Amino acid sequence: MSTATTTTNAPPSGGADFRDVVTAHAPFRTGRLVLWLVVLLVAADFIWICAHNDGFDWPVVGQYFFNPTVISGLYVSLGLTVVGMILGIVMGLVIAIARLSQDRLASGFASLFIWFFRGTPLLVQLIFWYNLSTLFPRIGLSIPFGPTLIDWDTNSVITPMTAAIVGLALNEAAYMAEIIRAGLLSVDRGQAETAEAFGMTRARALWRIIIPQAMRSIVPPTGNQLISMIKATSLVSVIAMADLLYSVQSIYNSTFQIVPMLLVAVIWYLLITSVLNIGQSYLEAYYSRSERRGATAAHPAPAAAIEEASH
Amino acid sequence: MSANTLPEGTRPLVRARNVHKSFDQLEVLKGIDMDVMPGEVVVILGPSGSGKSTFLRCINHLESIQQGFIEVDGEQIGYKIRKDRLEKLSANGIAKQRRKIGMVFQQFNLYPHMTVLQNIIEAPIGIHGQSRKDATDNAMQLLERVGLSAKAGAYPRQLSGGQQQRVAIARALAIKPKLMLFDEPTSALDPELVGEVLATMRDLAKQGLTMIVVTHEIGFAKEAADRVVFMDGGHVVEMGKPEDVIGNPQHPRTQAFLSRFL
Ligand SMILES: Nc1ncnc2c1ncn2[C@@H]1O[C@H](COP(=O)(O)OP(=O)(O)O)[C@@H](O)[C@H]1O
Ligand SMILES: [Mg+2]
């Protein structure tokens, strides 16, 4: 017993048994180095081939990169993405809450919505909205089976723009509803109960307590959705909406420089998604700030706390 | 404590009559009668599964009851009388009734995305319409009272269990409740952290707050309770002064339960 105690209390310098890890170093790994070299070599070779392949026609890529038609197409794609995403998130939130509610009518409607808009291809939905006038020449408000209160000519309401927005937003809403629902369900049941016990209304409890905690699991898949959305906007070119893809198509239809023009679009898509990735990682860090240990706990100053509480 | 010196005819703060509660087929409360006077500290003891938590949750209508009635501060919880008939209150109506009842949970249930201070001022500002300054001043006083002034800016995860529970108590006090409900506030704590929470609760009892406390801390019941209620199988088996119920239990089930703590 006593020998054991003395051994464990021996100073690290007391012999070969104890080596302070401070002195440790990582072993040199030849295999990793070789792997790195091979990969870099292959990559360099690939870039070299692409750069010297006349089919890519890089000068044309450079020439059209900031072409006004391309830039206006880019704006359309970005605009559709932003509007479609905002509408999709707002509607998705409403549908997620409806799906989770005790009310059979609300949850039934939400399930039907999600079933339909997730279950059919977006391309078909877009074409459908664009051709709505052939099904319903006039749209308006009326009492079911009763008189019409107000109506419009469908062709004047459904332009390529509105068809694109409606199509993208409704489709997005169905996906966002499922993402948001999963996020809301991931929050500990005790949180909603506590809010309830304090006399919060359901709406306030959702807004102040549940949704902020659900954000941690909502943000990453929403980032995915946003990136899919940017690419999905290229589908609207089939209904003659002048997005990024449609604009480069309209250029190569007269110049026949198909590959370089597609490269222009590809590089723009990659640039946008890269910027979004960075934004997403900042959002994720923000919503997991309460997870981090240390730092704030060590600061006793109530002044700092008051400042924090006031935003 | 002040309950003993209340003038004759004072109305009880809580009145429960013949409270029945079932989950599907399972009858959990089988006719509970209980009055709690203003300023009184009532400790509910009883084996696990006897319906103690359920009874507490019925008092602020987190659970609805199937028979009987519960009144807090003169208002029947969950219902109102309209045209001489009893009508269920809307969700928002019930929310209003709950605002004078504070609750402390076994699992603390602090809002993890908010700092300690934000946790405390959330309800006073958002529900009770206090100004941010008043709410913050009051919150800092409450934190001082539970000995956690230094932690105002910390997130719940950065605190020990005992500290979290003291914040939860401060949060419940911030709404200036007429009644405080505690559901096993120390059961999720490491043994060495139980004392600090019980000390805080003893302080509150001395200051005349009306409290209903579900706990297994017999020592706390002896020392701080005006009355001890022993529940078993959905019934109140025995009720009385702590020295009687704990010191000299009459019912065999109370005796059996208490013998485990000797
Ligand atoms: N939401 C619920 N649904 C179904 N059964 C429940 C629910 N809550 C509690 N019970 C049951 O009610 C009984 C009493 O539970 P509870 O009030 O938590 O007891 P205690 O707090 O005294 O341990 C237990 O048998 C429990 O399983
Ligand atoms: Mg319990």
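Two strands pair if DSSP finds at least two bridges between them. Helices (H or I, at least four residues) and strands (E, at least two) are DSSP runs, numbered from the N terminus.

The model is predicted: local features need pLDDT of at least 70, side-chain atom pairs count only at pLDDT 80 or more, and totals for chains, interfaces and linings use all residues. Residues are numbered from 1 along each chain as its sequence is written, chains are lettered from A and ligands numbered from 1 in the order in which they are written, and side-chain values use heavy atoms, with hydrogens and water left out.

**Exercise 1. Describe the four-stranded sheet of chain B and find its edges.**

Step 1. The strand order is β2-β1-β4-β5 (chain B), in an open sheet with antiparallel pairing.

Step 2. β2 (26-36) and β5 (75-76) of chain B each have a single partner strand, so they stand at the edges and one side of each is left without a neighbour in the sheet.

Step 3. Eight bridges join β2(B) to strand β1 (residues 14-23) of chain B in the antiparallel sense. B:Val14 has B:Val36 in β2(B) as its bridge partner.

Step 4. Helix α1 (residues 52-59) of chain B packs on this sheet and touches β1, β2 and β4 (67-72) of chain B; contact means heavy atoms within 4.5 Å. The direction of α1(B) makes about 60° with that of β2(B). For such angles, axes are lines fitted to C-alpha atoms, for helices over the stretch in contact, and angles run from 0 to 180 degrees between N-to-C directions.

**Exercise 2. Do the same for the six-stranded sheet of chain B.**

Step 1. This open sheet has mixed pairing and the order β8-β9-β10-β3-β11-β12 (chain B).

Step 2. β8 (101-104) and β12 (235-240) of chain B are the edge strands, each pairing on one side only. From one strand to the next, the twist averages 15°.

Step 3. β8(B) and strand β9 (residues 179-183) of chain B run parallel, joined by four bridges. The partner of B:Ile101 in β9(B) is B:Leu179.

Step 4. α1(B) packs on the sheet, where its contacts include β3 (41-45) and β10 (210-214) of chain B. The direction of α1(B) makes about 155° with that of β9(B).

**Exercise 3. Which residues of α5(A) are buried, and where do they lie on the helix?**

Step 1. Helix α5 (residues 104-119) of chain A has 16 residues and reaches 22 Å from its first C-alpha to its last. That is close to the expected 22 Å, the expected span being 1.5 Å times one less than the number of residues.

Step 2. Buried means under 20% relative accessible area, exposed over 50%, partly exposed in between (1.4 Å probe, protein chains only). A:Ser107, A:Ala110, A:Phe113, A:Ile114 and A:Phe117 are the buried residues of α5(A).

Step 3. Seen down the axis of α5(A), these residues fall within an arc of 125°, so they line one face of the helix. The arc is that of the directions from the helix axis to the C-beta atoms.

Step 4. They pack against α4 (68-100), α6 (122-130) and α9 (160-185) of chain A. Exposed residues on the other side of α5(A) include A:Arg104, A:Phe109 and A:Trp115.

**Exercise 4. Place B:Arg253 in its surroundings.**

Step 1. B:Arg253 is in helix α9 (residues 252-259) of chain B.

Step 2. With a relative accessible area of 39%, B:Arg253 is partly exposed.

Step 3. Not counting residues up to four places away in sequence, B:Arg253 touches B:Phe230, B:Asp232 and B:Val237.
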